[in-house]
Amino acid sequence: MRILLLGSGGRESALAWKISQSPKVEKLYIAPGNGGTGAYGENIALSPLDFPAIEKTVADLGIDMIVVGNEDPLVAGITDYFEGKDVLVVGPTKAGAELEGSKDVAKAFMTRHEIPTARYRSFTADTLDEGMKFLETLKAPYVLKADGLAAGKGVLIIDSLDKAKEALAEMLGGMFGASSATVVIEEFLSGIECSVFVLTDGNGNYRILPVAKDYKRVGEGDTGLNTGGMGAVSPVPFADETFMKKVEERIILPTIRGLIEEKRIYRGFIFLGLINVDGEPMVIEYNVRMGDPETEAVMPRISSDIVPLLEATAKGDLGNLPLEHSPLAAATVIAVSAGYPEAYEKGKTITGIDAVDESVIFHAGTKTDGNSVVTSGGRVLAVTSLAATLTEALEKSYRSLSRISFDGMAFRRDIGRDVTSEK
């Protein structure tokens, strides 16, 4: 099978790593890929949003299946574009991708299908005054979300009512461009978060992947600015059999049934951003692809060959295909550029990657420059280790990070401590 994987981050590195291990793969292409994905296949200088160019590449290279890594092409309708053409696509249609493309659509979907989530209302510039009054009915902190895609930066959590009102006006005034033309205000939920991933074929069949927990704040102790993710661990101790039974019955099944009922064709990954509120799971958000950096912790914990599962998903028939979980724990720590998530410099030479022998290094913001690998993004490398316990896996990842260096390299030293005995 000839496969084209779209994307360039750590998530796509982990997917490429896993896909490349399958005996079913004749050739793997990654578009555009990064400085490390060439180890698993062939990088192609191609934009995931250039559908006509992708179509030509599919024809020229004899691609059998497209795996869409990030959300932008899905929200833009890549699956619809290739409908009826002679290639499989792993990912929902544009209607299915609205679960991530519009937070207002997602919240309304949850309400219709009685899926537990925070109380909310949506507002536009025309209903700004109503939004101000709704904020007054809530307790601090206040959660404001840009309706559309905002590169992971469209969620604000604000402690002061006055500042929340200011932020609402700024968001509706264009803070995030068209993405915040509508703003969702919701009740703040207090608890501990986790990420649940489901692979579904659009016909009611699904498989639950290993559960993960990511760490969004740039600073230790969950302080500082939100980022795309500074690390992840899997499994998550509190996501036990009892909790996951609730997740499956109250969230996964109603979501899949709701998608079918509303004729939102969905053949791909569903990412459930959940919060555990006193033992009860509630949905914070949907994403319509795998998470990053959770993928870098989840893929190494899948024992099964992923390619037959992806192929069956795209064909709409998962049937009885197994998805087996490894009993080992995985810990991922992200090395970032100095200044991230704000302004940062690029082009810093990375050394020591070849000296790592007990972890897998998934490249994220890297590119090749001659014989060197240099930084090209905020999140640069994802260092993932497997071990019998989460504490051991974390120790391995931090030992491996000590061997890697680039000018300004930073990382959090407390990943996973909240869910291990180590405080």
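Helices, of at least four residues, and strands, of at least two, are DSSP runs numbered from the N terminus. The model used in these exercises is predicted.

**Exercise 1. Place K213 and describe its surroundings.**

Step 1. Find the element. K213 sits in strand β12, which spans residues 213-214.

Step 2. Is K213 buried or exposed? Buried means under 20% relative accessible area. K213 has 6%, so it counts as buried.

Step 3. Look for a polar partner. The side chains of K213 and D418 make a polar contact of 3.1 Å.

Step 4. List the contacts, leaving out residues up to four places away in sequence. K213 touches I192, E193, G231, A232, V233, V236, D418 and V419. D418 therefore appears both as a contact and as the polar partner of K213, whose burial follows from its 6%.

**Exercise 2. Work out the strand order of the five-stranded open sheet, and find what packs on it.**

Step 1. Read the order. The strands run β3-β2-β1-β4-β5, with parallel pairing.

Step 2. Which strands stand at the edges? They are β3 (42-43) and β5 (88-90). Each has a single partner strand, so one side of each lacks a neighbour in the sheet.

Step 3. Check one pairing. Strand β2 (residues 27-32) is joined to β3 by two bridges, and the two run parallel. Y29 stands opposite E42 of β3.

Step 4. Add the helices. Helix α1 (residues 10-19) lies across β1 (2-7), β2 and β4 (65-68), at about 165° to β1. Helix α2 (residues 51-61) also lies across β1, β2 and β4, at about 155° to β1.

**Exercise 3. Identify the central members of the largest nonpolar core.**

Step 1. Recall the general tendency. In soluble globular proteins, nonpolar side chains tend to be buried together.

Step 2. Which residues touch the most other members? The core has 64 residues, and I3, I19, M65, L209 and L310 lead in such contacts.

Step 3. Follow I3. Beyond four places in sequence, its contacts are I19, V25, K27, L28, Y29, I63, M65, V67 and V307.

Step 4. Look for a separate core. Another one, of 45 residues, lies apart; it includes I54, V211, I270 and L272.

**Exercise 4. Show how F123 meets parts of the chain distant in sequence.**

Step 1. Locate it. F123 belongs to strand β6 (residues 120-124).

Step 2. Judge its exposure. F123 has 1% relative accessibility, so it is buried.

Step 3. Compare sequence with space. F123 and V183 are 60 residues apart in sequence, yet their C-alpha atoms are 5.4 Å apart.

Step 4. Fill in the contacts. Beyond four places in sequence, F123 is in contact with E130, G131, F134, L172, A181, T182, V183 and I185.

**Exercise 5. Describe the β16-β17 hairpin.**

Step 1. Establish the pairing. Strand β16 (residues 268-277) pairs with β17 in the antiparallel sense, over seven bridges. I275 has M282 of β17 as its bridge partner.

Step 2. Inspect the turn. Two residues separate the strands, and D278 in the turn has a positive phi of about 55°.

Step 3. Why is β17 (residues 280-287) largely enclosed by the rest of the structure? Because six of its eight residues are buried.

**Exercise 6. Classify the ring pair F238-F243.**

Step 1. Count the pairs. The structure holds nine aromatic pairs.

Step 2. Use the geometry. The ring centres of F238 and F243 are 5.7 Å apart and the planes stand at 85°, so the pair is edge-to-face.

Step 3. Check burial. F238 is buried at 18%, and F243 is buried at 3%.

Step 4. Find a cluster. F51, Y81 and F82 are linked by ring pairs.

**Exercise 7. Find unusual backbone geometry.**

Step 1. Set the expectation. Most residues other than glycine have a negative phi, and most peptide bonds are trans.

Step 2. Find cis bonds. One joins A140 and P141, with omega about -5°; P141 is in the loop between α7 and β7. Another joins Y340 and P341, with omega about 15°; P341 is in the loop between β18 and β19.

Step 3. Find positive phi values. D222 has phi near 55° and lies in the loop between β13 and β14. K263 has a phi of about 55° and lies in the loop between α9 and β16.

Step 4. Assign exposure. D222 is partly exposed at 40%, whereas K263 is exposed at 71%.

Note on methods. Residues are numbered from 1 along each chain as its sequence is written. This is a predicted model: local features need pLDDT of at least 70, side-chain atom pairs count only at pLDDT 80 or more; totals for chains, interfaces and linings use all residues. Side-chain values use heavy atoms; hydrogens and water are left out. A nonpolar core is a set of buried Ala, Val, Leu, Ile, Met, Phe, Trp, Tyr and Cys residues joined through side-chain atoms within 4.5 Å. Buried means under 20% relative accessible area, exposed over 50%, partly exposed in between (1.4 Å probe, protein chains only). Contact means heavy atoms within 4.5 Å. A polar contact is a pair of N or O atoms within 3.5 Å; within protein, one must be able to donate a hydrogen and the other to accept it, and residues adjacent in sequence count only if both atoms are side-chain atoms. Two strands pair if DSSP finds at least two bridges between them. Axes are lines fitted to C-alpha atoms, for helices over the stretch in contact, and angles run from 0 to 180 degrees between N-to-C directions. Rings of Phe, Tyr and Trp (its six-membered ring) pair if their centres lie within 6.5 Å; planes under 30 degrees apart count as stacked, over 60 as edge-to-face and the rest as tilted.
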